[in-house]
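Here are a few short exercises to work through with the structure open. Try each one before you read its solution.

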Amino acid sequence: EYAEHYPASLILSESDHSYIIGNKASYDGRQYPLALTEKRPEGQGYCHTLVIPKARVYNVVDPLATRDHCFVLKELRAHFYDFWSKMKNREAMLARAHDALKERESALIHKGPRPAAYTDAVNAAVFSHFQRMKPAFLQLKAEEDFIFGFHVFPENTIGHLHMHVFPHDNDFREYSTRDYDYKTVPLQAILDAEGEDQSASAKSTSSSASAEAQSTTRDESSNGFSAVNKST
């Protein structure tokens, strides 16, 4: 139902199962000067983007998220991989991030006097950094250079599953918050844990089946021996 409640400009891509949406928040903490001593509201990295399922899934701890060998979670990543494979989509991510910077700049200008810490020079530096990082950003590899992570309940702030996507290199996180890194669980860690659980479950089931088969064999052998004794 995301498309019914939010501007179409935030939707960068749509698959049968998910949306890729631009972050409404700026990724550059210098645009939040009043939050310097609080948990930062900016994104976690350059062009921080979100991928969300269309299905109603509360959080990554929801059984719906890991059902069918983590289909929902894997689809979110696959959607981004496919999205990133086209250069026009990379440029769309950049355009959305630029819009977020402009919207934040406008909010600072029009909501009363700007804080002293936010000057024209700082604003110029924000956009200069954005432009400087663009060429390197466009060359990133989806499989190697991005973090795919989840804020796991009870540390989540929104009651709908969403995967955070942003570059992991420090150069792309210079002005972004790290306040949420402690609760950002990598997708691969979740898939590995689920795989281990499934493997353990399969081994347990196999062991139980083997034990039951051995017990049945012993019973049948015992019954056969008794029958022979009786017949003699």
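**Exercise 1: a residue at the surface**

Val61 sits in the loop between β3 (49-53) and α2 (63-84), in what is a predicted model. Is Val61 buried, exposed or partly exposed, and why?

*Solution.* Start with the cut-offs: buried means under 20% relative accessible area, exposed over 50%, and partly exposed in between. Val61 has 48% relative accessibility, so it counts as partly exposed.

Next, look at its partners. Val61 joins Tyr58 and Phe153 in a nonpolar surface patch. Together, the three residues of that patch have about 290 Å² of accessible area.

**Exercise 2: the largest cavity**

How many cavities of 30 Å³ or more are there, and which residues are closest to the centre of the largest cavity?

*Solution.* First the count: there are two cavities of 30 Å³ or more. The largest cavity holds about 80 Å³ of space. It is lined by 14 residues, and Asn23, Cys47, His48, Arg96 and Ala97 are the closest to its centre.

Then see what the lining is made of. Helix α3 (residues 87-110) gives the most to it, with five residues. By type, the lining of the largest cavity has eight nonpolar residues, five polar and one charged.

**Exercise 3: the second largest cavity**

Work out what lines the second largest cavity, and how its lining divides by residue type.

*Solution.* The volume of this cavity is about 40 Å³. Its lining consists of Asn59, Val60, Phe150, His151, Asn156, Ile158, His160, Leu161 and His162. Sort those by type and you get four nonpolar, five polar and no charged residues.

Technical notes: Residues numbered from 1 in each chain as written. Predicted model: local features only at pLDDT ≥ 70, side-chain atom pairs only at ≥ 80, totals over all residues. Heavy atoms only, no water. Patch = residues over 30% accessible without salt bridge, like charges linked within 9 Å, V, L, I, M, F, W, Y side chains within 5 Å. Areas by Shrake-Rupley, 256 points an atom, 1.4 Å probe, with all protein chains shown as cover. Salt bridge = Lys/Arg side-chain N within 4 Å of Asp/Glu carboxyl O. Helix = DSSP H or I, 4+ residues; strand = E, 2+ residues; numbered from the N terminus. Buried < 20%, exposed > 50% of the residue type's maximum accessible area, 1.4 Å probe, protein only. 1 Å grid on protein atoms, 1.4 Å probe; cavity = no way out; pocket = protein on both sides within 12 Å on 5 of 7 lines; lining within 4 Å. Points joined across faces, edges and corners; volume = space filled by probe spheres on them. Nonpolar A, V, L, I, M, F, W, Y, C, P; charged D, E, K, R; others polar.
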